[in-house]
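I am keeping notes on what I looked up in this structure. The entries follow the order in which I went through it.

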Amino acid sequence: MNDKKKRRILFVDDEPLVLKGLQRTLRKMRQEWDTTFVESGREALNILGKRPIDVIVTDLQMPEMDGGRLLIEVKKQHPHVVRIILSGQLNQEMTLKSVRLAHQSLSKPCDAKVLKHTLAKLFALRDFLSDESIKSIISQIESLPSMPSIYTEIVAEMQSDDPAIKKVAEIISQDLSMTAKILQMVNSAFFGLFRKINSPEQAVMMLGLDTIKALVLSVKIFSEFNQKSFSWFNIDALFNHSLAVSMYAKTIIKNENLDQGLINNSMMAGLLHDLGKLILATNFEKSYRQVLDEAQSSDRNLLDMEYEAFGTSHAEIGAYLMGLWRLEYSIIEAIAFHHLPARSMTQNIGLLTAVHVANTLEHEAQAPCAGETELQYDTEYLDKLEITGRIPQWRQVCRELTERNG
Ligand SMILES: [Fe+2]
Ligand SMILES: [Fe+2]
């Protein structure tokens, strides 16, 4: 990580007054940031073509080329540039669009503190995942799993102008083993539904599109790995652990009355938080088996042993893949830092907090799973957020959930 280097940030807004205001508020950041201000998308692309830029912060509504079209071009021509939308009121269509195009959206007026914090978080994740050791491990992997087509079909339907539950259910129904697995899961104690679910359509109606989307993706990924079946690695146990973590994370987020968007993402983050283990187990069979065996038979921490053997850990590897699949930023962040949230630079309770705590609680409650024997809370992180005292309450609500459903 290169902290000393100035971050190069390009601001785009058609209102000169907005740019002036930003320039004024951000003056105090000039030691750390090298800022450029332009009034149109065309000028922004021109700058991007001439010199390196780390982040683009753009308005959405602009004449000629709007922010959406600009970000499509930036994504295509300069994929490494971090994309942030800074806009006035966003309507539903614009919110959807911004989720697809930007790493983060902020609303105007935005003070320097919020902008600084947002950028610090994005840079922390980017630096974390651009470490040379990850690149070297990824380069040794013959084929990374590709995004399952059933998932892309569901997402396309959800993003269409008129998303229909029936259509999503039809997409699921075409895959018989997927349908069976989804029905088996939604009827299991985990979901605590009071009536029996007999069709994908009922499942979508009862659980909602976001939960179904996360279930479909994780069932598909886990089943693909399962075909390579290893006797030494219990994929089903990892899946059950991941499902429990997702339910706990959702419970914690609900308990804190956090944003609905975070509740929607909690299933995905929980279900996929340990995906990196599957990638390591399938691609580095001998050495990962050794790492897991040793972690289980000694007091040593699995993460330390992964770093020792691979220079990176299952958390970064899973997050890296989710980054390639362009999942939402908060999900990638939660996966990347689920063992070491203090490294994330995040200063508020959110998805990462919930996944970190849920994972640790789940390990407390269960028998050791895939090497993660003794998990510890990141006390530095919990103390900084002043939430250490919340753990007993969260443990209680998660326990109640298990008792109610179990
Ligand atoms: Fe983990
Ligand atoms: Fe885990």
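**Entry 1: the metal site.** I began with the iron ion (ligand 2), whose protein donors are His241 (NE2), His273 (NE2), Asp274 (OD) and Asn359 (OD1), lying 2.2 to 2.4 Å from it. Donors are N, O and S atoms within 2.8 Å of the metal (3.2 Å for Na, K and Ca); water is not among the atoms, so sites may look incomplete. This is a predicted model, in which local features need pLDDT of at least 70 and side-chain atom pairs pLDDT 80 or more, while totals for chains, interfaces and linings use all residues; side-chain values use heavy atoms, without hydrogens and water. Residues are numbered from 1 along each chain as its sequence is written, and chains are lettered from A and ligands numbered from 1 in the order in which they are written.

I looked up the angles next. The four donor atoms around the iron ion (ligand 2) subtend 84 to 170 degrees, which makes the arrangement irregular. Four donors count as tetrahedral if all angles lie between 85 and 135 degrees; four count as square planar and six as octahedral if opposite donors are over 155 degrees apart and all others between 65 and 115; anything else is irregular.

Along the chain, the donors of the iron ion (ligand 2) follow the spacing H-x31-H-D-x84-N. Asp274 bridges this ion and the iron ion (ligand 1), and the two ions lie 3.6 Å apart. Distant parts of the chain are linked here: His241 is in helix H12 and Asn359 in helix H19 (residues 351–365), 118 residues apart. Helices are DSSP runs (H or I, at least four residues), numbered from the N terminus. I found both His241 and Asn359 buried, where buried means under 20% relative accessible area, exposed over 50%, and partly exposed in between (1.4 Å probe, protein chains only).

**Entry 2: the cores.** Which residues touch the most other members of the largest nonpolar core? I noted Ile212, Leu215, Phe233, Tyr288, Met322 and Leu327, out of 116 residues in that core. Helix H12 (residues 235–255) gives the most to this core, with ten residues. Domain 1 (7–128) and domain 2 (139–405) both give residues to the core, so it lies between them. A nonpolar core is a set of buried Ala, Val, Leu, Ile, Met, Phe, Trp, Tyr and Cys residues joined through side-chain atoms within 4.5 Å. The domain bounds come from an automatic or database domain assignment.

Leaving out residues up to four places away in sequence, Leu327 touches Met147, Tyr151, Leu217, Met268, Leu272, Met322 and Ile332. Contact means heavy atoms within 4.5 Å. Apart from the largest core lies another, of 19 residues, among them Val38, Met65, Leu70 and Val74.

**Entry 3: the two domains.** Taken over C-alpha atoms, the centres of domain 1 and domain 2 are separated by 31 Å. Twelve residues of domain 1 are in contact with 16 residues of domain 2. Between them the domains bury about 1300 Å², 70% of it on carbon and sulfur atoms. Buried area is the accessible area (1.4 Å probe) that two parts lose on being put together, summed over both.

**Entry 4: two loop residues.** Asn257 lies in the loop between H12 and helix H13 (260–272). Its phi is near 55 degrees, a positive value in a residue other than glycine. At 69% relative accessibility, Asn257 counts as exposed. Met345 lies in the loop between helix H18 (329–336) and H19, and its phi, near 75 degrees, is also positive. Met345 is partly exposed, with a relative accessible area of 39%.
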